[in-house]
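Let's take a walk through this structure together. Have the sequence and the 3D view open as you read.

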Amino acid sequence: MTEDTTGSPWLIAAIAISEELKEQPPEVQAAIRRMNKKIYPETWKATPEKEQE
């Protein structure tokens with residue numbers, strides 16, 4: 001990943017968090033997906049390619 005210091009600090013932080021989550025164990029990633037599915041149900045309904053849990 002290349003550092004883009006001219007972008008939004010929120011975008012930079014979100015990218016960094018996303019990259020860090022990719023390095024976590026599969027059970028942690030699954031827990032994050034379950035949490036996101038509960039917090040953002042409209043997003044999960046709008047993206048059918050997401051895994052079904």
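A good place to begin is helix α1, which covers residues 9–22. Its 14 residues reach 20 Å from the first C-alpha to the last, close to the 20 Å expected at 1.5 Å a residue. Keep in mind that you are looking at a predicted model. Just at the start of α1, look for S8: a side-chain oxygen of this residue comes to within 3.1 Å of the backbone nitrogen of W10.

Now step back to the whole chain. Its secondary structure amounts to three helices and zero strands, and reading from the N terminus the order is α-α-α. How much of the chain is buried? Of the 53 residues, 4% count as buried, where buried means under 20% relative accessible area. The chain exposes about 4700 Å², and 60% of that area is supplied by carbon and sulfur atoms.

Next, turn to the largest pocket, which holds about 270 Å³ of space. Which elements give two or more residues to its lining? They are α1 and α2, the latter spanning residues 26–39. Helix α1 gives the most, with five residues. In total, ten residues line the pocket, and I17, S18, L21, I32 and N36 lie nearest its centre. What is the lining like by class? It has five nonpolar residues, along with three polar and two charged ones.

As you rotate the view, one general point is handy: an α-helix has 3.6 residues a turn, so residues three or four places apart point the same way.

Terms used:
Residues numbered from 1 in each chain as written. Predicted model: local features only at pLDDT ≥ 70, side-chain atom pairs only at ≥ 80, totals over all residues. Heavy atoms only, no water. Helix = DSSP H or I, 4+ residues; strand = E, 2+ residues; numbered from the N terminus. Expected span 1.5 Å × (residues − 1). Polar contact = N/O pair within 3.5 Å; in protein donor to acceptor, adjacent residues only side chain to side chain. 1 Å grid on protein atoms, 1.4 Å probe; cavity = no way out; pocket = protein on both sides within 12 Å on 5 of 7 lines; lining within 4 Å. Points joined across faces, edges and corners; volume = space filled by probe spheres on them. Nonpolar A, V, L, I, M, F, W, Y, C, P; charged D, E, K, R; others polar. Buried < 20%, exposed > 50% of the residue type's maximum accessible area, 1.4 Å probe, protein only. Areas by Shrake-Rupley, 256 points an atom, 1.4 Å probe, with all protein chains shown as cover.
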